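Colleague: I am new to reading protein models and would like some practice. Could you walk me through this one, feature by feature?

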Amino acid sequence: LGSMFCRKIKTRVGLLLTIDPTGGGAFQYDLSILDAVAAIKDKDIEFVVGYSHPAWLTYLEKIKMKTLHVPMGYWGRFFAQLVHCSGISLSLWRALSPWFHPTIRSIIKEKCDLWIFPSQDPWCYLAPVPAVATIHDLMHRYERRFPEIGTWWQYSWREWHFKNTSKWSKAILVDSNLGKQHVIDSYGTDASKIFVLPFIAPSYLEYFERQVTDTPLDINLPEKFIFYPAQFWEHKNHKRLINAVALIKSRFPDICLVLSGAHKNLYESLFELVSSLGLTKNVLFPGYLQDNIMGTVYSKARAMIMPTFSGPTNIPPLEAMKMGCPLAVSSIYAMPEQTRGAALLFNPESVEEMADAMARLWHDDSLCAELSERGKVISSQWDKEHFEAHFRDILFKVLDAQAA
C-alpha cells in the first residue's frame, strides 16, 4: 500500500449501478461489486454510490456510504443509441454533454477521481470521467447467429458500445483469461489495462448455506428436479434442452426440469413446445424467482444444467457449486476452466449429449455426490473474500496509475 501515498488525500471513487433485479447475472455481478466496494476500509478513499432502480435501496441501506439516485428516464441506453446513430464525435460529445445532459451532470457533480461502471452501460464513455468498465462478453462477435445479439442493429450497437468502452476506459474488468483475449483480439486493447476478475456466486447465498434446507417455499416444486435458471433467450438453448427431456422420458417417466425466468422473450414458444411434446408434467415454468429463495431452490434441486451458448463464463454454475448442487454445463469457451472438473460437460449443439448428461444426473447417486463435493471445493478456492481482495488490488493499481 506504499504507493497509495502518491495519491492525494481522500481520493473520491464513484460506483454507478443501473441494472434492475430482473437483469439476472448482470444484477448479481453488480451486487458483488457493491459488496467489494463496501469491504474496502481505507481512510484515504471516499466512496459514493449512484443507483437508478429503487430495488437497490434494500442493499444500499446496509452500507455506510453516500448514496444518490441517478434517474435514467430516456437518458439511458436508448439515448446512447441515438448518439451512436447520429455519428457525432465522442470527443465532441464528451466536451459538450456536461452542459445539458442531466445524468452526466449528476455524475460530474460528485467530483470523483474515478468512476466504476459495472453494468456494461454507456456512461463509461458518454460521461467525460475516468472510468473502470466491465465487458462480460463479446458474444455478438462469436455467436452472431442468435437474433438477440446478432441482427444488423444489435451487432452495430454492441460493436460501437464495446469499442468505445475499450477506447475510453482507464481499466476494463473481464471474467476470464479468454475474455481478456477476446477484448485484445477484437479491439487491439492494451493488455495492461484489462484485469481478470472472475465471477463469484452472489453474496445472498451465504445466508442459505447456514440454513436448514427444508425452508418452505412460496412456489410448488417437485421432490426431485433438474434446475435451469436463465432468461428465455435463444442463445440460452432452452429448446434443445426440452427436446432432451423428451428423448429420455421413456427411460425416466418422472424426469422433471424446472426452468425459472420471467415469462417474456421466447417463453410463449417454449411453453407451446412443451405442450406439443406432452411434457407439461415434466417441464415446469415457475417464473422469476426472488433472491431470497434461490439458495433453497439450489439446495432442493437434484442438479443444475446450463446448456447456454454464451460465455466465456457464467454465474449460475458458481451458484450451484457453492450450494453443493451437482451440475452439467456446455463444454465451450471458458466454462470447463470455470468448473474445473466439478461438472459434466456436453456439446450444447447436441440434444443427445445433453440428454445423456441429464440421465446420468437423474439416476446416478454416487456421481451426484462426487460432483457436489468437488463443486464445494472449487467454490471455496475462489469465494467472496478472494474476489474482494482482488478487486481492491485492481482498484489501487488503477488509482496509482491515475496519480502517476
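Modeller: Gladly! Let us start with an inventory: the secondary structure of the protein comes to 19 helices and 13 strands. Keep in mind that this is a predicted model.

Colleague: What radius of gyration does the protein have, and what would a compact globule have?

Modeller: A compact globule with 404 residues would have a radius of gyration near 22 Å, and the protein agrees with that because its own value is 22 Å. The C-alpha trace spans about 65 × 45 × 35 Å along its principal axes. As for the interior, 57% of the 404 residues count as buried. You can also look at contacts along the sequence: among those with a separation of 6 or more, 71% are between residues 24 or more positions apart.

Colleague: Now the sheet. In what order do the seven strands of the open sheet lie?

Modeller: Read across the sheet, the order is β3-β2-β1-β4-β5-β6-β7, and the pairing is parallel. At the edges stand β3 (66–69) and β7 (194–196); each has a single partner strand, so one side of each is left without a neighbour in the sheet. From one strand to the next, the twist averages 20 degrees.

Colleague: How many bridges join β1 to β4?

Modeller: Three bridges link β1 (residues 11–17) with β4 (residues 114–117), and these strands run parallel. To find one of the pairs, start at glycine 14, whose bridge partner in β4 is tryptophan 115.

Colleague: Which strands does helix α1 touch?

Modeller: Helix α1 (residues 25–38) packs on the sheet and touches β1, β2 (45–51), β4, β5 (131–134) and β6 (171–174). The direction of α1 makes about 160 degrees with that of β1. Another helix to look for is α10 (residues 177–187), which lies across β6 and β7 and runs at about 165 degrees to β7.

Colleague: How should I describe two helices that pack on each other?

Modeller: Two packed helices are described by the angle between their axes and the distance between the axes. Here, take α12 (residues 238–248) and α17 (residues 351–363): their axes come within 8 Å and cross at roughly 65 degrees. The crossing of α12 and α17 is right-handed. On the α12 side the contact includes Leu241, Ala244 and Val245, while on the α17 side Met354, Ala355 and Met358 are among the residues involved. The residues of this contact divide into 10 nonpolar, one polar and two charged.

Colleague: What does tryptophan 168 contact, apart from its neighbours within four places in sequence?

Modeller: Tryptophan 168 sits in helix α9 (residues 152–168). Beyond those neighbours, tryptophan 168 is in contact with Leu90, Ser91, Arg94, Cys124 and Tyr125.

Colleague: And what should I look for in the backbone?

Modeller: Most residues other than glycine have a negative phi, and most peptide bonds are trans. In this model, a cis peptide bond joins glycine 311 and proline 312, with omega about 5 degrees. Proline 312 is in the loop between β11 (303–306) and α15 (316–322). Glutamine 120 is not a glycine, yet it has a positive phi of about 55 degrees. Asparagine 265 also has a positive phi, about 60 degrees, without being a glycine.

Colleague: Where are glutamine 120 and asparagine 265 found?

Modeller: Glutamine 120 is in the loop between β4 and α6 (123–126), and asparagine 265 is in the loop between β9 (257–260) and α13 (267–276). Glutamine 120 counts as partly exposed because its relative accessibility is 22%. Asparagine 265, at 36% relative accessibility, counts as partly exposed too.

Methods. Residues numbered from 1 in each chain as written. Predicted model: local features only at pLDDT ≥ 70, side-chain atom pairs only at ≥ 80, totals over all residues. Heavy atoms only, no water. Pairing = 2+ DSSP bridges. Helix = DSSP H or I, 4+ residues; strand = E, 2+ residues; numbered from the N terminus. Axes fitted to C-alpha atoms, helices over the stretch in contact; angles between N-to-C directions. Contact = heavy atoms within 4.5 Å. Left-handed = near helix turned anticlockwise from the far one by under 90°. Nonpolar A, V, L, I, M, F, W, Y, C, P; charged D, E, K, R; others polar. Buried < 20%, exposed > 50% of the residue type's maximum accessible area, 1.4 Å probe, protein only. Rg over C-alpha atoms; globule rule 2.2 N^0.38 Å.
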